[in-house]
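Got the viewer open? Here is a walk through the model, one selection at a time.

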Amino acid sequence: MALIKKLPIDLGVRFLEYRKIFFVISTLIVLTSLALVAVRGLNFGVDFRGGTLIEIRTHQVEELGALRSELNSLGLGPISIQEFGQPRDLLVNLQKQDGGEQEQQVAIAAVKEALDDKVEEYRRVEFVGPKVGEELKISGILATVLSLLGIAIYIWIRFEWQFSVAALVALSHDVIATVGFYALTQYEFNLATLAAVLTIAGYSINDTVVIFDRVRDKLRRFKKLEQNELLDRALNKTLSRTILTSVTTLLALVALFLFGGEVLRGLSLGLIFGVLIGTYSSLGLAVPLLSLTDLRSSQDEDEDSHDDKTLPKKDDQSTPIHLG
Amino acid sequence: MLQFPRWKIFLVLAVLLAGLAFASPNLLPKSVTDNLPDWAPSNQVNLGLDLQGGASLLMEVDLAFAADERVKNVLEFIRDNLRSARIGYQNLSVSEGSVVFDLRNPDDATRERMRAIISQLSQGLLISTDEARVTVSFSEASTVEWRSRLVEQSIEITRARLDETGTKEPSIQRQGEDRILIQVPGEKDPDRIKQIIGKTAKLNFRMVDQSADPNALRAPADAEILLSNNPENPQRYVIKKRILVSGENLSDAQATFQDGQPVVSITFDATGGKRFADATLANVGRPFAIVLDGKVISAPVIRSAILSGSAIISGGFTVEEAGDLAILLRAGALPAPLIVLEERSVGPGLGADSVLAGQIAAALGLALVIVFMAVAYGSFGLMANAALVSNLILIFAALSALQATLTLPGIAGIVLTIGMAVDANVLIFERIREEVRQGQSLTAAIDNGYKRAVTTILDSNITTLIAAFLLFQFGTGPIKGFAVTLTIGLLTSMFTAIMLTRLIVILWLRRNRSKALPI
């Protein structure tokens, strides 16, 4: 019954042999993402750029072109209208107006007045003034940088510095790639999507730590094993778990993407992309990066003295035979 | 080896039962939970404004505007009082937040008198002199206190106004130094709230300066040019700066009708009534102006002294305008204008749609994961699924008990947790499989599998918790909700994986005495 039995414990994938290919791919991903952000730019939501977003449900299906030209004749700068989920639901996007917070309110009132006879329900109004928009941007960047640093410091404390550096590189890779994904798809980048990016950082590191944990475990147990061989074994031992967890997480996220409603669409798509990229980077980037350093150098210094204590107890000593 | 002390079994069961108890009110209709006995948990999950619909407004108290007025008041005080004390001065003006002027006769005696007069206004004034020049400014301490009091007052008046309009359950909180967050669940029309708190509603009665020409560019020093209230064709008035009676001296205001026109009838308190009587008595036959927020509402001629302590304000109002004005006057004037910094409102339709979509997505995600785990792991998958369902129950129990707010991104957090929660179990199961392959007995493998997996689970979850914690710190409203459910989900999933599935696995092992691992 349990299909898992068919999945071998050790798939024997030689990850480390392909590490150069992985590094090239990852570099390309990062460069492409940065280029996309620089050239195409992110489609910032009102949270970060300031301005107003109004979601309306109209009495009947409106002709978008006519509505667009009507609103744009108000002299409030370019106003975009797009369908949102279904024909009667429209998103009206109002740019930040020149001047202070008061001018924004005047503009919202003008747009509402123009729309009023067509609107059945104002489903959502989000207005972020210039001041708060700026603050949200700063705290967003701060939250991202601090999360990455916080995670890196935790890894440094729990593991060695090499692990921490590799994790930080892999995490930055994931964050940049996810942001690049938003630049590519032009899905709105707002507070919720930023949350998605940070969650990806959390998910990806979760994956990475599980493998790191195994690497550390093996470093302690097999003092003589060649380093790349050791890394490959750690990757393969945890591979089934890495895949299974990605699958269950993706299953839940696909359900969210398909049925979670229009508002969560951008968030769930980013999460799906992030889980894929995070899983890839744990396998193809974080662990192969470790191979560029000598993991045993620092290990030897401080582990030699209490080797006996960290050495596995009785039941563990049988294991090397099985693997040898 | 497979010890699972009795007390631990009871602990796990107790946590699960408590979880059920705290989560169950969410399945009952509100009418039932309201009537539960006190000892029974009756809190339902608190839905955020984006799910139940409602309006959230972040306002800023315009301190710069108020500071401006504060200095001007000092200037007016100095003008009036130095003149009446016959102290000569010139070049009276405001410069960089201070009032400056030059004494015509800067000897010590005059300075002393000047100081005595100005310090009457407020203890917090700093008066410095340099030759003839006098600089009057506010001390740092008094400014700090003034700002704080101003924001407190603004909150009180905002609350009073919203109460007057019958807004239900508004939450009004101070944020930072000069901000006020107003949240009104279920409010369909945020514009209405903006109308109610968008006006400072400073009302005062002043004389019209008949000697000056309203069309002149400048008004006399003790007067100012104000416009009438009708925006299409504003009329110019020259109004004396001295205030006869202000809105602070009102005891009541009601919207009513006079000759079929909507008007607001006001009643003065004792002080206001006396001042109004004196002023009208002294100025019969002359026009006075009713000024609201710097606009002249009307400027009737005083026909006779008004001693009754009440008056009628008419100004071509609509019924709604008269009603609103009465509310504003009853609640009192805001000490400074409020500026909308951020507004988020969600209609009840979208809120309900979001809840439904979230429920469907969560149910489907749950179903997919459960089927997948059952197919992949067979009987062990069923154990993981039991843990997954308990995990969800515990999440809802924690949300209800802590009265944390569930937002739309929070629902996304729960769905994500459903996917990630089985991770801990997968980690343990895979480790057990590995141990068995290495030739260990089933019991030893399970024991070791758990022992080894636990540190990994802790390490990997703590890193995710770090990200969630920072999200909570830096995020606003809905994002905080996401961080909360993610955090709760991580904690409960650690509990269910380490404690609950372990218990189930051990019970299974004891019962079956099997030698072979089914996975």
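Before the first stop, one definition: two strands count as paired if DSSP finds at least two bridges between them. Keep in mind too that this is a predicted model.

**Stop 1: a four-stranded sheet in chain B**

Select β5(B) and β6 (residues 133–138) of chain B, which run antiparallel and are joined by 6 bridges. To find your bearings, pick B:Leu126; the bridge partner of B:Leu126 in β6(B) is B:Ser137. Now widen the selection to the whole open sheet, 4 strands in the order β3-β4-β6-β5 of chain B with antiparallel pairing. At the edges you'll see β3 (89–95) and β5 (125–130) of chain B, each pairing on one side only. From one strand to the next, the twist averages 20°. Add helix α4 (residues 63–84) of chain B: α4 packs on this sheet and touches β3, β4 (98–103) and β6 of chain B, with its direction at about 170° to that of β3(B).

**Stop 2: the enclosed strand**

Next, select β2 (54–61) of chain B. Is this strand buried or exposed? Of its 8 residues, 8 are buried, so β2(B) is largely enclosed by the rest of the structure. Colour the two faces: B:Gly54, B:Ser56, B:Leu58 and B:Glu60 point one way, while B:Ala55, B:Leu57, B:Met59 and B:Val61 point the other way.

β2(B) has antiparallel pairings to look at. It is joined to β8(B) by 7 bridges, and it pairs with β18(B) over 8 bridges. B:Leu58 is a handy marker for both: its bridge partner in β8(B) is B:Leu181, and in β18(B) it stands opposite B:Glu342.

**Stop 3: across to chain A**

Stay on B:Glu342 and bring in chain A. Which residue of chain A stands opposite B:Glu342 in β18(B)? That's A:Val128. Its setting is an antiparallel pairing over 5 bridges between strand β5 (residues 119–128) of chain A and β18(B).

Now show the whole contact region, where 71 residues of chain B are in contact with 69 residues of chain A. On the chain B side, β18 (338–346), α10 (348–402), α11 (408–437), α12 (442–474) and α13 (477–512) each supply at least two residues. Which of chain B's elements gives the most? Select α10(B), with 19 residues. Coloured by class, the side of chain B that touches chain A shows 42 nonpolar, 19 polar and 10 charged residues.

**Stop 4: a helix with a buried side**

Go to helix α7 (residues 190–198) of chain B, whose buried residues are B:Pro190, B:Ile193, B:Lys194 and B:Ile197. Look down the axis: they cover an arc of only 100°, which puts them on the same side of α7(B). Their cover includes β5 of chain A, together with β2, α6 (140–164), β8 (179–185) and β18 of chain B.

**Stop 5: the nonpolar cores**

In soluble globular proteins, nonpolar side chains tend to be buried together. The largest nonpolar core here has 209 residues, and those with the most contacts inside it are A:Ile151, A:Ala167, A:Ala201, B:Leu329, B:Val415 and B:Leu471. The largest share, 22 residues, comes from α10(B). Zoom in on A:Ile151: leaving aside residues up to four places away in sequence, it touches A:Ala167, A:Leu171, A:Ala201, A:Ile205, B:Thr463, B:Ile466 and B:Ala467. Another core, of 8 residues, lies apart from the largest one and includes B:Ile78, B:Val99, B:Phe101 and B:Val136.

**Stop 6: a three-stranded sheet**

Select the open sheet of 3 strands in the order β13-β14-β17 of chain B, again with antiparallel pairing. β13 (250–258) and β17 (310–313) of chain B are at the edges with a single partner strand each, so one side of each has no neighbour in the sheet. Here the twist averages 25° from one strand to the next. Between β13(B) and strand β14 (residues 261–268) of chain B you can trace 8 bridges; at one of them, B:Asp252 has B:Thr267 as its partner. Helix α9 (residues 319–331) of chain B packs on the sheet, touching β13 and β14 of chain B.

**Last stop: two glutamines**

Finish with the backbone angles. A:Gln186 has a positive phi of about 60° although it is not a glycine, and it is found in the loop between α6 (161–185) and β6 (188–189) of chain A. B:Gln403, also not a glycine, has a positive phi of about 55° and lies in the loop between α10 and β19 (405–406) of chain B. Around A:Gln186 there are 13 other C-beta atoms within 10 Å, so it is partly exposed; B:Gln403 has 10 C-beta neighbours inside 10 Å and counts as exposed.

Note on methods: Residues are numbered from 1 along each chain as its sequence is written. Chains are lettered from A and ligands numbered from 1 in the order in which they are written. This is a predicted model: local features need pLDDT of at least 70, side-chain atom pairs count only at pLDDT 80 or more; totals for chains, interfaces and linings use all residues. Two residues are in contact if their C-beta atoms, placed from the backbone, lie within 7 Å. Ala, Val, Leu, Ile, Met, Phe, Trp, Tyr, Cys and Pro count as nonpolar, Asp, Glu, Lys and Arg as charged, and the others, Gly among them, as polar. Axes are lines fitted to C-alpha atoms, for helices over the stretch in contact, and angles run from 0 to 180 degrees between N-to-C directions. A residue is buried if 20 or more other C-beta atoms lie within 10 Å of its own, exposed if 12 or fewer, and partly exposed in between; C-beta atoms are placed from the backbone. The arc is that of the directions from the helix axis to the C-beta atoms. A nonpolar core is a set of buried Ala, Val, Leu, Ile, Met, Phe, Trp, Tyr and Cys residues joined through C-beta atoms within 7 Å.
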